[in-house]
Structures are given as structure tokens and as C-alpha cells.
Amino acid sequence: MSGQWEPPFNIRKLNCTMTPYVYRGGQDDYMIVDLTDWTVTFEGIVGSQEDANNKYNTNSVYKTSKMVFRKVEPGEYTIGHSSVSNNTQHKVSVPEGTCYYMGIFCVTVSQYARIMGTAASSAMTPVTAATFSSWNVLRNSTGAGAAVSGDKSNTANFFVRFNGLTGKSFDLPTEEMWEIAARAGATTKFSFGDTILSDYIWYNGNGGATLHDVGTKKPNKWGLYEMEGMIWEYMRDVYNSANIATKTTGIYTPQATGDASYRTLKAGFGDETDTLKNSASYRHSDLASSPGANGARRSFRVAIVVQ
């Protein structure tokens, strides 16, 4: 017997080559809006979520001349938390046959200027979150329950112009849409656990009083950045102080009753001394007409529903 093993005579020898498996997602995991020609394209995850994060966060084009959105699939999700009395833990659903896309960053100074032709903020870098816009300016005082029609000649109202340029129906997210995306499947106080982690969030313990560039903290599990901490974000909803867990309409329907002069804010500013305000479930409010002196602490991200 020789020292080299030989297969039995009735087993055919094969030349086998192993090809590594590369996850390619659903080919529409991301929506990309080109802010130079207003075309909309879709891309799947190639490799891993981490690879996608590196692609969209390390290339400044995705924070200046393009806008990136992450898909949220249909299904049941848990939002709310026991620490927030008007948003106790409850389940909501993204209906079958639908999905939505959420901006992975707040709209930046550069993106706002490309869309509107004028800057929303001063003394900021091109990739800092755009500030100093009111809810009414963003949506042309359109009621929370009504869609924003498009008109590309409009240079005063963000969503009116953006929808006119793209031919789409972009809008602010409802607070339920926003929280599903912020949590990325987590049921803890924050999307990353029950205690503050500086790698993921700007808060009063790590220089959060200064507005930072988008994408400087780690993303959540779905690749969305700074959805907790850094800056308050406008929601589409009229602010209602009642427990949102009792809301009976679907996630795509914003709160339309409550304090008619106020709109809901989420995410929390980076210098809040009460870190609960920086958690995904916390609900805050501000005047729809004007943020006043708080303008430097208000921004927004863009969403779109696909049905």
C-alpha cells in the first residue's frame, strides 16, 4: 500500500472549485437620488451591511451631490419603551406589499443648497446637518395628513421643490416610520442597548453641544446614522401628548389631531442632560411655524413610501 490515499474505484474524481458566496441583498436595498440630474436608481447590498456602510459613508459624494436611502421591509416591528410614558412598548406593522425608504443621514448643508439653490445654514461644513428650517417651510404649511405636491419652480419649500425635481413623493417620515428605522429591530432603550455608548451617539458627555458632520458615529444595524442624539429631527406628525401606542391608524398615516400649532420631534440634541431624550422612543415638540432660537437644533431627514 502506498502512502497516498486513493478514492475507491467507483467514485469518480472531480475537479472542484470553491466560489465564495457574496450576499447581494434584494437589488433594491438602497435608493440613490442624484442631485445633479434628479435621477433615481436602486442598489443592492453587495458583500455585507458593513461593506455598504463603508461605501456610502466614506465617499463624500453621498453626502453632497447624491442622497442615499435605506429600505425598510414589510413586517411587524416593536417600537416604544417602558421609560417613555407616552410611547410605551407596542407593535406596529409595515404592510405587506409596501415598503419605505429612509435617508441614512440627515439632509446636509450641501444637499439642501443643491436642491433649493440657497443654503439653509451658515458657519457649517458642507456635510453638517442642514438647520434653521421650520416645518412649515419644509412642507409649505401643507397639513400633516396631506401629501406635498411637486413644483420645481418653488424655491421656498424643500419638499415642494424636491418632489417637482424628481417627480416623486418624498416627505418627512411619520414618527412611527422614523422609530422603526432608528431601532433597526432593537427593543432596548437605545438601538445599541440600554446604556449610552459614545461610539454611536453624540450626547452631553462627548461634545454633543457642537453640531458635528453626519456619519461621524457608528450606524445602527440597518446602516442609518445618528438617529439618536446629535440633533432634533422634524416628523410629519402633529404633536399629540397622548400615548402613541393607542394610535389605531397605520404607520403611514401621521398624527393629525393634537396641538395643531406643534409638530413632533425625535432624536434629541447632543447636549441634552437627560439622555432619555436621545433615545429612539422619546417624543418632543416644537412650533410648526418657526423654531425661533432653537433653529440651530432642528434638522430633518427624507423618507418615501413605496406602495
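Here is a short walk through some salt bridges in this predicted model.

Before you zoom in, some background: side chains of opposite charge can pair when their charged atoms come close. Across this structure, the count comes to 14 salt bridges.

**Stop one: Glu175 and Arg283.** Select these two and show their side chains. You'll find a salt bridge with an N to O distance of 2.8 Å. Now colour by secondary structure: Glu175 belongs to helix H6 (residues 175–183), while Arg283 is in the loop between strand S8 (259–266) and strand S9 (284–287). The two are 108 residues apart, so the pair links distant parts of the chain. Switch on a surface, and keep in mind that Glu175 and Arg283 are both buried.

**Stop two: Glu176 and Lys247.** Stay on helix H6 and pick Glu176. Its salt-bridge partner is Lys247, at 2.7 Å, N to O. Lys247 is in the loop between strand S7 (232–239) and S8, and this pair also links distant parts of the chain, with the two positions 71 residues apart in numbering. Buried or exposed? Lys247 and Glu176 are both buried.

**Stop three: Glu272 and Lys277.** Select these next for a salt bridge at 3.9 Å, N to O. Why does Lys277 count as partly exposed? Because its relative accessibility is 25%, and the partly exposed class lies between 20% and 50%. Glu272 has 13% relative accessibility, so Glu272 counts as buried.

**Last stop: Asp28, Lys71 and Glu73.** Select all three together: they are linked in a network of salt bridges.

Methods: Residues numbered from 1 in each chain as written. Predicted model: local features only at pLDDT ≥ 70, side-chain atom pairs only at ≥ 80, totals over all residues. Heavy atoms only, no water. Salt bridge = Lys/Arg side-chain N within 4 Å of Asp/Glu carboxyl O. Helix = DSSP H or I, 4+ residues; strand = E, 2+ residues; numbered from the N terminus. Buried < 20%, exposed > 50% of the residue type's maximum accessible area, 1.4 Å probe, protein only.
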